[in-house]
Amino acid sequence: MHAEKLVEVVLPGVVEPEGLEIRRGEVPAAAPGRVVIRMEATGVSFAEQQMRRGRYYDQPPFPFVPGYDVVGTVVAAGDGVPSALVGTRVAALLKVGGWASHVAVDAADVVPVPAGLDPAEAETVVINGITAWQMLHRKARVRAGRTVLVHGANGGVGSVLVQLAAAAGAKVIGTASARHHDALRAKGVVPVDYRTEDVPARVRALAPGGVDAVFDHVGGPGIVDSWRLLAPGGTLVSYGTASTRDDEGSKQLPVLKLLGRVWLWNALPNRRHAYFYNVWAGRSLGRDRFRARLRADLTSVFRALEQGEITAQVAARLPLDRIADAVRLAESGTVAGKVVLNP
């Protein structure tokens, strides 16, 4: 252990990717109830791209170490933690702190990763997989034979969502630019080009009675179309405001506008439901329930990955010290899948 040094990436403020700083130090000791994970894979997700712009709605004050999730091996366990955890591969959902060679977390927050899975592949489905699973099965409760619409079907969450929905026996319509359509058809998705087609008209032609669920990460004015496409009894799950990514001004306002709209829609007597999904909202249930649900859902996602029901899309693997290149690549819009960081 003594030979190892801590390497972490610090976001000092609103900077270009080249402004991210590499910091070196001592590997943290495992405090009581906590473990230290040697990182094998972490990733660049939409959240960190927003944090770099100072636009993620509940990011911590600068400076901090980004990194929404991590996969690695437990190298140290504090008092009160079963020593059997040391040497096991685990995943953890963090929100921040993952862009580091070593990460200290509460032992109760780690979820075992099946031995056969590649760490980078497992990493691609931690935050994206939990998000997709919970929206599909806990919010929309999609059943076999239902029809769902997934916006951004080739995105980080979207690509997992369409596969989980197909595995559940649903008919899946997915929006994406034309270059992704063949890959989507191979996954059993009916693709719609949001750039060249009239999406609402095309979806109505495919599902004249409306769709049973819409998953929308775009927000903004287009969310009204998503709501109108629902069949009676249908569910809209909104999980982001990508349409406001480059906006200036309040980072809370787009979310608050969306929440207001969702509240109003749910008050209307039309049997349709709208949710704004945030993976951390479940914490209000109490920490133990939140952890138990997260563990159950991520374990289900890993099982789906093991069984080939979903595939991991690793766009690129880059070392932690090439973080500027990794962020640029992730933000370029040219890659399919997740940019994964290795130690």
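# Exercises on pockets, bridges and rings

In the second largest pocket, β6 gives the most to the lining, with five residues. Keep in mind that this is a predicted model. Let's work through it piece by piece.

## Exercise 1: The second largest pocket

Task: find out what kinds of residues line the second largest pocket, and which elements supply them.

Solution. Start with the space itself: the second largest pocket has a volume of about 280 Å³. Next, look at the wall. The lining is made by 19 residues, and those nearest the pocket's centre are Arg34, Leu94, Val96, Ala104 and Val105. Now turn to the elements: β6 (102-106) and α9 (287-306) each supply at least two residues of the lining. Finally, sort the lining by class, and you get 11 nonpolar, two polar and six charged residues.

## Exercise 2: The overall build

Task: work out how the radius of gyration of the chain sits against the globule rule.

Solution. Begin with the parts list: the chain has 10 helices and 15 strands. The radius of gyration is 20 Å, and the globule rule gives 20 Å for 343 residues, so the chain is as compact as a globular protein of that length. For the outline, the C-alpha trace spans about 65 × 40 × 40 Å along its principal axes. As for what is tucked away, 51% of the 343 residues count as buried.

## Exercise 3: Three salt bridges

Task: take the salt bridges of Glu331, Asp182 and Arg322, and decide whether each partner is buried, partly exposed or exposed.

Solution. For the setting, a search of the whole structure finds 20 salt bridges.

- Step one: the side chains of Glu331 and Arg52 meet in a salt bridge, with 2.8 Å from N to O. This pair links distant parts of the chain, with Glu331 in helix α10 (residues 323-331) and Arg52 in helix α1 (residues 46-52), 279 residues apart. Glu331 has a relative accessible area of 16%, so Glu331 is buried. Arg52 is buried too, at 9%.
- Step two: Asp182 forms a salt bridge with Arg185, and their closest N and O atoms are 3.0 Å apart. The two residues are three apart in helix α5 (residues 181-186), so about one helical turn separates them. Asp182 has a relative accessible area of 60% and is therefore exposed, whereas Arg185 is partly exposed at 46%.
- Step three: in the salt bridge between Arg322 and Asp325, the closest N and O atoms are 3.0 Å apart. Arg322 counts as partly exposed, with 40% relative accessibility, and Asp325 is partly exposed with a relative accessible area of 40%. Elsewhere, salt bridges that share partners join Arg34, Asp106, Asp109, Arg287 and Arg291 into one network.

## Exercise 4: A pair of tyrosines

Task: decide whether the rings of Tyr56 and Tyr68 are stacked, tilted or edge-to-face.

Solution. The structure holds six aromatic pairs. In the pair Tyr56 and Tyr68, the ring centres are 6.2 Å apart and the planes stand at 80°, so the pair is edge-to-face; the cut-off for that label is over 60 degrees. Both Tyr56 and Tyr68 lie in the loop between α1 and β4 (69-77), 12 residues apart. Both are buried. Step back a little and you find a cluster: ring pairs link Tyr56, Tyr57, Tyr68, Trp280 and Phe290.

## Exercise 5: Two cavities

Task: set out the linings of the largest cavity and the second largest cavity by class.

Solution. A search of the whole structure turns up three cavities of 30 Å³ or more.

- The largest cavity holds about 70 Å³ of space. Its lining includes Thr124, Asn128, Gln163, Thr311 and Lys338. Helix α4 (residues 156-167) gives the most, with four residues. By class, this lining has three nonpolar, eight polar and one charged residues.
- The second largest cavity holds about 50 Å³. Among its lining residues are Ala108, Asp109, Phe290 and Arg291. β7 (110-112) and α9 each supply at least two residues, and α9 gives the most, with four. The classes here are five nonpolar, no polar and three charged.

## Exercise 6: One loop residue

Task: place Glu197 and say whether it is buried or partly exposed.

Solution. Glu197 lies in the loop between β10 (189-193) and α6 (199-206). Its relative accessibility is 28%, so Glu197 counts as partly exposed. Last step: the C-alpha atoms of Glu197 and Ile127 are separated by 30 Å, with the two residues 70 apart along the chain.

Notes
Residues are numbered from 1 along each chain as its sequence is written. Side-chain values use heavy atoms; hydrogens and water are left out. A salt bridge is a side-chain nitrogen of Lys or Arg within 4 Å of a carboxyl oxygen of Asp or Glu. Buried means under 20% relative accessible area, exposed over 50%, partly exposed in between (1.4 Å probe, protein chains only). Rings of Phe, Tyr and Trp (its six-membered ring) pair if their centres lie within 6.5 Å; planes under 30 degrees apart count as stacked, over 60 as edge-to-face and the rest as tilted. On a 1 Å grid over the protein atoms alone, a cavity is a set of points where a 1.4 Å probe fits but cannot get out, and a pocket is an open set with protein on both sides within 12 Å along at least five of seven lines; lining residues have an atom within 4 Å of a point. Grid points are joined across faces, edges and corners, and a volume is the space filled by probe spheres set on the points. Ala, Val, Leu, Ile, Met, Phe, Trp, Tyr, Cys and Pro count as nonpolar, Asp, Glu, Lys and Arg as charged, and the others, Gly among them, as polar. The radius of gyration is taken over C-alpha atoms; the globule rule is 2.2 Å times the number of residues to the power 0.38.
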